[in-house]
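The exercises below concern the fold, the aromatic pairs and the pockets of one protein chain. Please inspect the sequence and the model before working through them.

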Amino acid sequence: MNQSFYIGAVGAQMQQRRLNIIGDNIANLNTVGFKADRSDFTALMYQNHRGIDEELPMGVGTRLLMTSTNFAQGPVEDNGRSLDYMIEGDGFFALVDLATGEVSYTRNGAFKMSEHVRDSGQVDENGQPIPEKVFCLGDGQGRFVLSEQGGLIEVTDPTQKLPIGIFDYANYNGMQQLDDTRYLPVDKNGGLRYGTGKLQQGVLEGSNADLAEEYTKVIESQRAYGMALKMVQTSDEIEATINGLRN
C-alpha cells in the first residue's frame with residue numbers, strides 16, 4: 001500500500017495525542033502551581049535503513065517522542081491567606097506522606113493546618129505511651145510540608161512566617177508527574193539540594209499555562225490533523241483508482 005497512507009494515519013494519531021495534552025493545559029489554567037506540558041516530536045525514520053529484502057526509505061512520518069514540562073515561573077496570585085506561600089525563583093516545596101514515606105515536590109503553596117498525632121513522651125498508669133494531637137502544615141490531602149531541616153512544621157500561630165524548606169534539583173528534565181502539581185525526581189535529575197528561591201507569604205503562584213498560546217496550538221493541531229486525514233483519504237483514492245485500472 002502507498003507509504004503516504006501510513007504517514008497520514010500516524011500523523012493524525014500523534015496530533016490527537018497532542019490535543020489531549022493541550023486540553024489538559026487549558027483545563028488547569030486556574031490550578032495553583034500548575035506547570036504546562038508541551039509535546040516533543042521526532043521523525044520515525046530520518047535515514048535509510050537496510051531491510052530484509054530492500055532498503056527502507058527515510059521519511060515515514062513522525063511520532064510523539066516525549067512530553068516535557070515547562071517549569072517557568074507562573075504569575076503571582078494574592079489571596080490574603082497567611083498559610084499561602086510562593087517560591088520566587090527556583091525550587092520546590094517538599095511533601096511527605098507519613099503512611100508510605102513518599103516525598104513528592106510541588107510549587108503549589110496553598111497549605112492548610114492538618115492534624116497530626118505524635119508521641120507526647122509521657123505514659124499512662126499502664127505504661128502505655130500517651131498520644132498528643134498537634135497541628136502541622138499540610139496540603140489538605142494527607143501529606144505534610146517539610147521544614148528546612150526536613151521535619152514537620154508545627155503551626156501554633158498561622159500568621160507567622162513558617163520555616164518551610166525550599167528544595168531543588170540540578171535539572172527537571174524527566175521528572176515524574178504524579179498529579180497536576182506534584183512531581184517525583186528520577187535519577188537523571190541529580191541529587192537533592194537547597195533551592196535558591198525566596199519564600200513569599202500570603203501569595204500563590206498561578207498556573208503558567210497561557211490561554212492564547214494553548215489556543216494557538218489547538219488551531220495548529222487541528223489543521224495538521226485535517227491535513228493528515230486528507231493524506232489518508234487521497235492515498236485511499238489512489239489505491240482505488242489503481243485497483244480499478246487493474247480490473
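Three exercises follow, each with a worked solution.

This is a predicted model, in which local features need pLDDT of at least 70, side-chain atom pairs count only at pLDDT 80 or more, and totals for chains, interfaces and linings use all residues. Residues are numbered from 1 along each chain as its sequence is written, and side-chain values use heavy atoms, with hydrogens and water left out.

**Exercise 1. Describe the protein chain as a whole.**

Step 1. The secondary structure comprises two helices and 17 strands; these are DSSP runs numbered from the N terminus (helices H or I, at least four residues; strands E, at least two).

Step 2. Of the 247 residues, 37% count as buried, that is, under 20% relative accessible area with a 1.4 Å probe and protein chains only.

Step 3. Among contacts with a separation of 6 or more, 64% join residues 24 or more positions apart; a contact means heavy atoms within 4.5 Å.

**Exercise 2. Characterise the pairing of Y105 with Y169.**

Step 1. Rings of Phe, Tyr and Trp (its six-membered ring) pair if their centres lie within 6.5 Å; planes under 30 degrees apart count as stacked, over 60 as edge-to-face and the rest as tilted. This rule yields eight aromatic pairs.

Step 2. The ring centres of Y105 and Y169 are 5.6 Å apart and the planes stand at 85°, so this pair is edge-to-face.

Step 3. Y105 belongs to strand β8 (residues 103-106) and Y169 to the loop between β12 (167-168) and β13 (176-177), so the pair ties together parts that are 64 residues apart in sequence.

Step 4. Both Y105 and Y169 are buried.

**Exercise 3. Describe the linings of the largest and second largest pockets.**

Step 1. On a 1 Å grid over the protein atoms alone, a pocket is an open set of points where a 1.4 Å probe fits, with protein on both sides within 12 Å along at least five of seven lines; lining residues have an atom within 4 Å of a point.

Step 2. The largest pocket holds about 230 Å³ of space. Its lining has 14 residues, and N108, D139, Q141, R143 and T181 are the closest to the centre. The lining divides into three nonpolar, five polar and six charged residues. Here Asp, Glu, Lys and Arg count as charged, Ala, Val, Leu, Ile, Met, Phe, Trp, Tyr, Cys and Pro as nonpolar, and the others, Gly among them, as polar.

Step 3. The second largest pocket holds about 160 Å³. Its lining has 12 residues, with T67, S68, T69, G174 and M175 nearest the centre. Strand β4 (residues 62-69) gives the most to this lining, with four residues. The division is five nonpolar, six polar and one charged.

How values were computed:
Points joined across faces, edges and corners; volume = space filled by probe spheres on them. Buried < 20%, exposed > 50% of the residue type's maximum accessible area, 1.4 Å probe, protein only.
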